[in-house]
Amino acid sequence: MNELLPIVSTITVASAGVVAYGAVNSRAQLFGETLYRTSSPRKLAITFDDGPNPSLTPKLLDLLEKYDAKSTFFLIGKFVRECPDLVRETAARGHLIANHTQTHPNLFWLSPALIRSEMEQCSGAIGEILGTPPRWFRPPYGFRNPWVVSTATELSMRTVMWTLLPGDWKLRPLETLIHNLQPIVNHAQQNRAQSQGAGDVLCLHDGGHRGLNADRTNTLKALEYCVPRWRDVGLEFVTIEEAVHITAS
Ligand SMILES: [Zn+2]
């Protein structure tokens, strides 16, 4: 037996582990710099993926307006083409529109050319409706490879991940979802006395990548419960654009 074999396989397994970390971990910077937290513990960036969703987004916009909670929507290009008025309305009500690819593939397995095409098609769909292309991008499933962040950068977009992913893309009991959102209040209370540091980027879903009109009722109900509580602990709701600004405090 080759005595180096165990060492080589250990290195291979370790390398695979590093690649997996860089590809999946929401805070990993291995495959390019990403934004995953806000610039202040008082700022909460609520973000929504996989829309627009005609059966839910309009109700969500009403809820967000009630609390003046400006948010960021990472949209799927093929749904943008189907619901241009909803995209227009989301932007008109003060939210930030961002790119979540054209068809929601796992980019980890795609060639650089296909990655670029997925991003360009989505930006094109948004740009035609809003007049300007998006400046922010989130990869489907959070998967990155060495070309994802760099391609987004070439297309003048920064890549956004998250600090909290409560798993609302699965149908879960409302109590479970509210429980999974508890860290937001915990962090706010821990950081109440601090003006320095970082705040949460929350990743929720107002749509579903398999088709329009996904059932996201529990996401809406969880927010109806949580948003006033987040406001009451002193959190300020910001878009991703506002999340990166350093505010004097
Ligand atoms: Zn997604």
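Q: A salt bridge is a side-chain nitrogen of Lys or Arg within 4 Å of a carboxyl oxygen of Asp or Glu; why is the contact between the side chains of Arg 116 and Glu 154 called one?
A: The N to O separation for Arg 116 and Glu 154 is 2.8 Å, which is within 4 Å, so the pair is a salt bridge. Arg 116 belongs to helix 5 and Glu 154 to helix 6 (residues 148-154), 38 residues apart, where a helix is a DSSP run of H or I with at least four residues. The model is predicted, with local features needing pLDDT of at least 70 and side-chain atom pairs pLDDT 80 or more, while totals for chains, interfaces and linings use all residues. Residues are numbered from 1 along each chain as its sequence is written, and side-chain values use heavy atoms, leaving out hydrogens and water.

Q: What makes Glu 154 exposed, and Arg 116 partly exposed?
A: With a 1.4 Å probe and protein chains only, buried means under 20% relative accessible area, exposed over 50%, and partly exposed in between. Glu 154, at 54%, is therefore exposed, whereas Arg 116, at 30%, falls in between and is partly exposed.

Q: How do you know that Asp 50, His 100 and His 104 are donors of the zinc ion?
A: Donors are N, O and S atoms within 2.8 Å of the metal (3.2 Å for Na, K and Ca), and sites may look incomplete because water is not among the atoms. Asp 50 (OD), His 100 (NE2) and His 104 (NE2) lie 2.1 Å from the zinc ion, so these atoms qualify. The donor residues are spaced D-x49-H-x3-H in sequence, and both His 100 and His 104 are buried.

Methods. Helices (H or I, at least four residues) and strands (E, at least two) are DSSP runs, numbered from the N terminus.
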